[in-house]
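Trainee: Please take me through one part of this model closely. I would like to see how the helices pack and what surrounds the ligand.

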Amino acid sequence: GKPIIPYEEIGAERLSLLVDAFYARVAMHPKLKAIFPDDLSETARKQKQFMTQYLGGPNIYSEEHGHPRLKARHNPFPITPERAQAWLECMSEAMDEIGLTGKFRETFYNRLVMTAHHMVNAPDSEE
Ligand code: HEM
């Protein structure tokens with residue numbers, strides 16, 4: 001059969017809905033909102049570009065911003081294990097909200113778990 005590109009399977013429109021649903025949760029999350037800007041529109045725009053290429057679509061993130069160097073770009077922010085978990089919870093709820101299910105969701109989410117854990121650069125605080 002013809003190869004399936006994950007980006008084509010989800011489509012630009014649902015990917016956009018997913019990212020918006022995700023940042024709506026990040027904006028309200030007690031463990032996340034402090035490290036994100038108040039206005040998340042530019043963050044969401046970059047994340048849509050990034051996830052397009054992460055899912056095998058056109059390299060529109062790199063064309064505008066250069067190589068992702070995701071870990072380095074997260075260095076200015078304390079990414080604790082708790083925050084990685086919170087990020088993933090927001091994503092899981094966003095996937096629920098847009099009705100993303102099945103094998104596609106499972107594979108995509110599992111990749112995000114690995115990437116999120118890779119971003120961790122600080123220990124949980126003891127408070
Ligand atoms: C940017 C937090 C995981 C992709 C950011 C920013 C923060 C952040 C605070 C800066 C926002 C801004 O200034 O606009 C976190 C936390 C994570 C996490 C707490 C928990 C593990 C991830 C993962 C991915 C990702 C798993 C990709 C799958 C991005 C991208 C940007 C970004 C593409 C924009 C980079 C740029 O400025 O060009 N993240 N992030 N992040 N994050 Fe994360």
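Mentor: Start with α5 and α6. This is a predicted model. Helix α5 spans residues 81-98, and helix α6 spans residues 102-119. Their axes lie 9 Å apart, at an angle of about 160 degrees. An angle over 145 degrees counts as roughly antiparallel, so α5 is roughly antiparallel to α6. The crossing of this pair is right-handed.

Now the residues that touch. From α5 come Ala 84, Trp 87, Leu 88, Met 91, Ser 92 and Met 95. They meet Arg 105, Tyr 109, Leu 112, Val 113, Ala 116, His 117 and Met 119 of α6. By class, the contact of α5 with α6 has 10 nonpolar residues, 2 polar and 1 charged.

Keep Ala 84, Trp 87 and Ala 116 in mind. They belong to the α5 and α6 contact, and they return at the ligand. There, 22 residues stand around the ligand. Those that come nearest are Thr 43, Phe 50, Ala 84, Trp 87 and Ala 116. Four elements give two or more residues each to this shell: α2 (41-54), α4 (70-74), α5 and α6. The largest share is that of α2, with 5 residues. Sorted by class, the shell holds 13 nonpolar, 5 polar and 4 charged residues.

Next, follow α2 away from the ligand to α1. Helix α1 covers residues 6-26. It packs on α2 at about 155 degrees, with the axes 10 Å apart. That angle makes α1 roughly antiparallel to α2. Their crossing is right-handed. On the α1 side, the contact uses Tyr 7, Leu 15, Ser 16, Val 19, Asp 20 and Tyr 23. On the α2 side, it uses Thr 43, Ala 44, Gln 47, Lys 48, Met 51 and Thr 52. Thr 43 thus has two roles: it touches α1, and it is listed among the residues nearest the ligand. The α1 and α2 contact divides into 6 nonpolar, 4 polar and 2 charged residues.

α1 also reaches α5. The axes of α1 and α5 come within 8 Å and cross at roughly 130 degrees. That makes α1 oblique to α5. The crossing is right-handed. α1 brings Arg 14, Leu 17, Leu 18, Ala 21, Phe 22, Arg 25 and Val 26. α5 answers with Cys 90, Met 91, Glu 93, Ala 94, Met 95, Glu 97 and Ile 98. This contact of α1 with α5 has 10 nonpolar residues, no polar ones and 4 charged. Met 91 and Met 95 of α5 take part here, and they also face α6.

Finally, step back to the whole protein. It has 6 helices and 0 strands. From the N terminus on, the order is α-α-α-α-α-α. The C-alpha atoms fill a box of roughly 55 × 30 × 25 Å along the principal axes. The radius of gyration is 15 Å. A compact globule of 127 residues would have a value near 14 Å, so the two agree.

Terms used
Residues numbered from 1 in each chain as written. Predicted model: local features only at pLDDT ≥ 70, side-chain atom pairs only at ≥ 80, totals over all residues. Axes fitted to C-alpha atoms, helices over the stretch in contact; angles between N-to-C directions. Parallel < 35°, antiparallel > 145°, perpendicular 65-115°, else oblique. Left-handed = near helix turned anticlockwise from the far one by under 90°. Contact = placed C-beta atoms within 7 Å. Nonpolar A, V, L, I, M, F, W, Y, C, P; charged D, E, K, R; others polar. Near = placed C-beta within 6 Å. Rg over C-alpha atoms; globule rule 2.2 N^0.38 Å.
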